[in-house]
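Hi there,

Here is the structure I promised to send over. Have a look at it first, and then read on for my notes.

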Amino acid sequence: MNPAYRDDEGMKRILETVDKTFSPAEIEKINKAYEFACAAHDGQKRLSGDPYITHPVEVALILAKLGMDADSIAAALLHDTVEDTSVTLQSISEQFGAETAKLVDGVTKLGKIPLATKEEEQAENIRKMLMAMSNEIRVIIIKLADRLHNMRTLKHVAPQKRRDKSLETLEIYAPIAHRLGIRTIKDELEDLAISYLDPVAYGEIEESLAAQSRTRKEFLEDIKAQIRQRVTALIPDATVEGRIKSVHGIYRKMYMQNRDFDEIFDIYAVRIIVNTVNDCYNCLGLIHDLYRPIPGRFKDYIATPKPNRYQSLHTTVIGRAGIPFEVQIRTWDMHKTAEYGVAAHWKYKLGMSGGKIEEGLPWIQQLIDRQNDLENVEDIVRTIKTDLVPEEVYVFTPKGDVKCLPMGSTVIDFAYAIHSQVGNKMTGAKVNSRIVPIDYQVKTGDIVEIITTSQQGKGPSRDWLNIVKTSEARSKIRSWFKKEKRDENIAEGKAEVEREFRRNFIRLPEPALQEFLQKIAERLHFGAVEDFYAAVGYGGISITRLMPRIKDDYTKIVKADNAEVHIAPEKKRTKSSEGVIVEGIDNCLVKFARCCNPLPGDEIIGFITRGHGVSIHKTSCVNVPEPGRVSPESERWINASWDKNVREEFKSTLLVSCLNRVGMLADISGQLAAMHVMIHDINTRHFKDGRSSFLMTITVSGVEHLKSVIAKLEKVSGVLSVERSGG
Ligand code: MN
């Protein structure tokens with residue numbers, strides 16, 4: 001045998017890599033397979049000019065690195081012998097046993113890949129692959145390794161074939177690797193495919209990465225050190241690793257999600273590996289304490305593993321230099337599954353029997369079952385492309401676009417997955433051409449047509465919030481109510497707030513009330529009180545839940561204002577020592593009616609309210625029935641009078657009409673200050689004819705006091721009239 005057609009160096013690396021637990025018999029088997037393959041491929045060359053044997057050796061090395069068993073590695077060394085040489089399956093079976101022969105046969109059958117451009121042949125290939133996967137998962141792993149090495153050496157084939165293979169890799173092999181959870185193979189397959197399919201973009205990304213590679217490395221080292229210092233203080237055996245995202249990952253975000261290179265958050269990823277699930281969550285707490293997390297970027301794949309069994313906590317945080325990066329936190333077990341996927345079963349002996357997986361990955365079987373009723377070639381390709389898995393359903397639009405939704409999603413979720421406008425305008429849905437109820441749960445393969453209306457003002461129903469499964473649909477429905485029904489929301493929210501205030505006896509005069517509400521709104525990060533009302537209206541915040549805090553604040557204000565008299569001392573008025581004697585009722589709860597603001601000296605009358613004590617009106621108030629006139633509530637009107645012995649302060653509102661001149665307001669308030677009259681509130685209006693009016697609430701001790709205040713104000717230059725407002 002010509003020594004030029006050997007790859008002893010490569011073989012040495014395989015033997016160095018293989019599991020230390022391999023028995024001498026297994027090592028012997030691999031050696032024998034190598035010699036057998038060398039002989040079979042003697043004199044054959046690859047397009048690159050390398051001896052052909054380098055290919056099976058490299059494929060076997062990939063599998064050795066994945067931690068696959070001796071049968072798989074032997075089969076990899078032999079995988080092209082039956083196809084490309086005179087060797088028969090029979091002879092392999094005789095020399096290496098039925099197990100190895102079965103694997104070689106499987107790979108050979110899969111190896112008969114027709115040109116990827118012919119869809120029917122591609123589909124046939126996929127059928128075989130599916131069969132292989134269900135019977136013997138190692139066949140597909142060997143096939144993936146075979147494809148990976150072919151992709152690594154693809155530059156030697158003709159340009160058209162290069163593109164065909166790359167596309168096939170991207171659309172079929174990489175998704176399979178992903179489904180099997182073999183991240184290392186998936187990432188490299190994708191990166192290689194992109195480098196051939198879009199060499200310009202690939203080059204640009206590589207350049208962008210290389211341009212700052214030193215800074216990037218320093219950045220990564222820096223955050224790794226920070227994290228390590230913080231985490232190991234609490235979890236001493238935590239391992240911290242850093243990496244830069246794969247080129248394909250960046251490519252996908254840049255070109256498919258239309259982001260700038262700078263906008264991609266997870267170019268950097270830091271991985272923390274710990275021993276227990278508990279430590280994962282502890283670690284997350286430390287990270288969120290160390291860096292500011294970006295809202296909406298936290299994902300708990302520990303509680304909800306991905307269909308390929310991937311588990312980790314993901315969060316994106318902002319580093320000290322303002323650069324965001326992703327942090328993945330997982331246990332060692334999760335790490336093995338994340339890196340090697342199905343292959344980890346062999347490497348870590350996680351309970352596999354032969355090549356069959358006893359439980360888990362049921363999606364493969366489903367795919368097989370399903371492909372029997374998929375006569376259409378496109379359907380099969382589409383099925384594999386969309387990674388059919390049981391935890392997710394794949395649903396089609398009438399045009400054939402596919403949407404992936406979580407299991408249990410309804411037609412409403414589907415509508416919102418297409419576009420929020422489709423969801424908002426939805427009136428019904430057809431599944432496989434039949435009208436279905438709005439809470440119909442979609443199944444994989446369903447063709448869903450959303451019936452929409454162009455009618456203005458139509459929108460989702462609030463009930464949908466209880467029907468939908470996806471948070472995407474839920475938030476889109478909420479945001480519709482938030483935007484489209486703003487006025488309604490404000491009115492509804494205002495009513496609800498007022499109701500709740502009444503229930504909790506929160507009473508403030510108008511200006512102070514506005515100020516109080518403004519403070520509440522600001523604390524909740526709303527710019528205006530209206531926004532606060534709107535949020536209450538559409539259910540974004542719960543007013544009842546806020547009430548304890550609001551009541552606290554209210555109590556503080558009322559107390560503070562007894563000293564400062566910024567806000568009317570309402571408390572004084574609610575006591576029965578209010579300065580009012582109500583006929584026949586001692587110590588009753590007394591309120592002054594807002595419609596007429598009675599003052600000592602005014603003739604007054606009481607009205608027994610339901611639950612709010614006696615309301616005191618001026619007898620001249622429009623709300624008081626004329627004497628002698630019988631109304632259904634006649635018996636609730638009750639005589640009241642001022643207690644002459646009590647002198648208290650009362651609020652009164654004045655309407656001042658005046659000329660609109662500079663300093664007008666200053667003169668008025670100066671005059672009031674001179675009389676030691678407190679102003680609680682002033683509302684100003686300017687009219688086109690050059691007049692202004694001030695509606696102001698002041699404190700007086702009674703009617704006589706008020707009269708003197710009015711007289712003084714009428715003397716201020718430019719004042720046209722001063723009237724008592726509210727009767
Ligand atoms: Mn091959």
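Let me start with a loop residue: asparagine 432 has a relative accessible area of 43%, so it counts as partly exposed, between the 20% and 50% limits. Please keep in mind that this is a predicted model. Asparagine 432 belongs to the loop that runs between β9 (426-431) and β10 (434-436). Its phi is near 50°, which is a positive value in a residue other than glycine. Serine 433 is in the loop between β9 and β10 too, and its phi, near 75°, is likewise positive in a residue other than glycine. Is serine 433 buried or exposed? With a relative accessible area of 65%, serine 433 is exposed.

Next, the aromatic rings. Searching the whole structure gives 9 aromatic pairs. One of them joins phenylalanine 516 and tyrosine 554: the ring centres are 6.2 Å apart and the planes meet at 65°, so this pair is edge-to-face, a label that applies over 60 degrees. The two partners come from distant parts of the chain, 38 residues apart, with phenylalanine 516 in helix α25 (residues 510-523) and tyrosine 554 in helix α27 (residues 543-564). Phenylalanine 516 is buried at a relative accessible area of 3%, and tyrosine 554, at 12% relative accessibility, counts as buried as well.

Phenylalanine 526 and phenylalanine 532 also pair, with ring centres 6.5 Å apart and planes at 50°, so here the geometry is tilted. Phenylalanine 526 has 21% relative accessibility and therefore counts as partly exposed, whereas phenylalanine 532, at 0%, counts as buried. Elsewhere, ring pairs connect Phe219, Tyr291 and Phe325 into a cluster.

Two rings have a charged group over them. Lysine 32 lies over the face of phenylalanine 96, 5.1 Å from the ring centre. For tyrosine 52, the charged end of arginine 46 sits over the ring, at 5.7 Å from its centre.

Now to the interior. The largest nonpolar core has 60 residues, and those touching the most other members are Ile14, Ile30, Leu63, Leu66, Ile73, Leu144 and Ile185. Helix α9 (residues 137-152) supplies the largest share of this core, 9 residues. What does leucine 63 touch, leaving aside residues up to four places away in sequence? The contacts of leucine 63 are Met68, Ser72, Ile73, Ala76, Ile141, Ile142 and Ala145. There is also a second, separate core of 36 residues, with Ile267, Leu313, Val317 and Ile329 among them.

Finally, there is an open sheet of 4 strands to look at. Its order is β18-β19-β17-β20, and the pairing is antiparallel. β18 (679-686) and β20 (719-724) are the edge strands, each pairing on one side only. From one strand to the next, the twist averages 20°. Strand β17 (residues 650-659) pairs with β20 in the antiparallel sense over 5 bridges, and glutamate 723 in β20 is the bridge partner of leucine 655. Helix α29 (residues 664-674) packs on this sheet and touches β17, β18, β19 (691-700) and β20. The direction of helix α29 makes about 20° with that of β19.

Happy browsing, and do write back with any questions.

Best wishes

How values were computed. Residues numbered from 1 in each chain as written. Predicted model: local features only at pLDDT ≥ 70, side-chain atom pairs only at ≥ 80, totals over all residues. Heavy atoms only, no water. Pairing = 2+ DSSP bridges. Helix = DSSP H or I, 4+ residues; strand = E, 2+ residues; numbered from the N terminus. Axes fitted to C-alpha atoms, helices over the stretch in contact; angles between N-to-C directions. Contact = heavy atoms within 4.5 Å. Core = buried A, V, L, I, M, F, W, Y, C linked by side-chain atoms within 4.5 Å. Buried < 20%, exposed > 50% of the residue type's maximum accessible area, 1.4 Å probe, protein only. Phe/Tyr/Trp six-rings, centres within 6.5 Å; stacked < 30°, edge-to-face > 60°. Lys NZ or Arg CZ within 6 Å of the ring centre and 35° of its normal.
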